[in-house]
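Welcome! Take a moment to turn the model around on your screen before reading on.

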Amino acid sequence: MASLTAVALVCTLKKSPAESSSDRIARQLLAELAGYEVTGKVIRVVDHDVRPGVSADEGEGDQWPGIRAEIAAADILLFCTPTWLGHMSSVAQRALERLDAELSETDDAGRPAMFGKVAIAAAVGNEDGAHKIIADVFQGLNDIGFTVPAQGATYWNGEAMSGVDYLDLERTPDAVASTNATAARNAAHLARLLRSAQYPAG
């Protein structure tokens, strides 16, 4: 198998080295991807000075351009967010807003720059909202040009108002582990197909 690369954008509100449920599920997915010759990297967005805006570079001090370069170089984007008040985190929303700039970026053949790249998503939280969050994430990423594989999302919802986080679990629930494995397997498969047969130029 040809080797692939993946970047996990972890959109927790917690700066490193604090433990994060979003970081944990991201690393679990990257471990699954590693079984398909995919080398992964985690970027915790909140550790970087990512300015508000919708351009590729918001000026002096903006650290998004470095993150953008990592995404541009990867075959697979893994987008991970916690659930806050039933929605994706503000960090996740900002990352999507910054990715909006890719709508105006094209490759040498005139295709949107993110064509040919695969995106999978993960959401965690001890409240409802995962399905809506993943729907919003996938709609945004697909608009930008990413391709979503079959069953390309995973999530964990804890019991409402329980205060139990994904980090608190002694073991990964079987359903989550199985969904992680499926998302990783399908993402690697689709990324290889798109690398060998890119979308046609208009």
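Here is a short tour, from the whole chain down to single residues. Please keep in mind that this is a predicted model. The protein chain has five helices and six strands, and two separate nonpolar cores can be found in it, one of 32 residues and another of 27.

**Overall fold**

- Starting at the N terminus, you can trace the elements of the protein chain in the order β-α-β-α-β-β-α-β-α-β-α.
- The C-alpha atoms fit in a box of roughly 50 × 40 × 30 Å along the principal axes.
- The radius of gyration is 16 Å, which agrees with a compact globule, because a globule of 202 residues would come out near 17 Å.
- Among contacts with a separation of 6 or more, 79% join residues that are 24 or more positions apart in the protein chain.

**Surface and charge**

- Of the 202 residues in the protein chain, 46% count as buried.
- The accessible surface of the protein chain is about 9,700 Å², and carbon and sulfur atoms make up 51% of that area.
- The protein chain carries 17 positive and 27 negative charges, and the mean positions of these two groups lie 4 Å apart.

**The largest nonpolar core**

- Look for Leu9, Trp64, Ile71, Phe79, Leu141 and Phe146, the residues with the most contacts inside this core of 32 residues.
- Six elements each supply at least two of its residues: the strands are S1 (4-10), S3 (76-84) and S5 (118-125), and the helices are H2 (64-73), H3 (90-99) and H4 (130-144).
- Helix H4 gives the most, with seven residues.
- Try clicking on Phe79: leaving out residues up to four places away in sequence, its contacts are Leu9, Cys11, Ala92, Ala95, Leu96, Ile120, Ala121, Ala122, Val137 and Leu141.

**The second core**

- This separate core has 27 residues, including Ile25, Leu29, Ile76 and Leu190.

**A closer look at Asn180**

- You will find Asn180 in helix H5, which covers residues 174-196.
- Is Asn180 buried or exposed? Its relative accessibility is 2%, so Asn180 counts as buried; the cut-off for buried is under 20%.
- Setting aside neighbours within four places in sequence, Asn180 is in contact with Ile25, Gln28, Leu29, Glu32, Thr154 and Tyr166.
- Two of these partners, Ile25 and Leu29, also belong to the second core.

Terms used: Residues are numbered from 1 along each chain as its sequence is written. This is a predicted model: local features need pLDDT of at least 70, side-chain atom pairs count only at pLDDT 80 or more; totals for chains, interfaces and linings use all residues. Side-chain values use heavy atoms; hydrogens and water are left out. Helices (H or I, at least four residues) and strands (E, at least two) are DSSP runs, numbered from the N terminus. The radius of gyration is taken over C-alpha atoms; the globule rule is 2.2 Å times the number of residues to the power 0.38. Buried means under 20% relative accessible area, exposed over 50%, partly exposed in between (1.4 Å probe, protein chains only). Contact means heavy atoms within 4.5 Å. Accessible areas come from the Shrake-Rupley method with a 1.4 Å probe; for residues, only the protein chains shown count as cover. Lys and Arg count as positive and Asp and Glu as negative; His and the chain ends are not counted. The place of a charge is taken as NZ of Lys, CZ of Arg, CG of Asp or CD of Glu. A nonpolar core is a set of buried Ala, Val, Leu, Ile, Met, Phe, Trp, Tyr and Cys residues joined through side-chain atoms within 4.5 Å.
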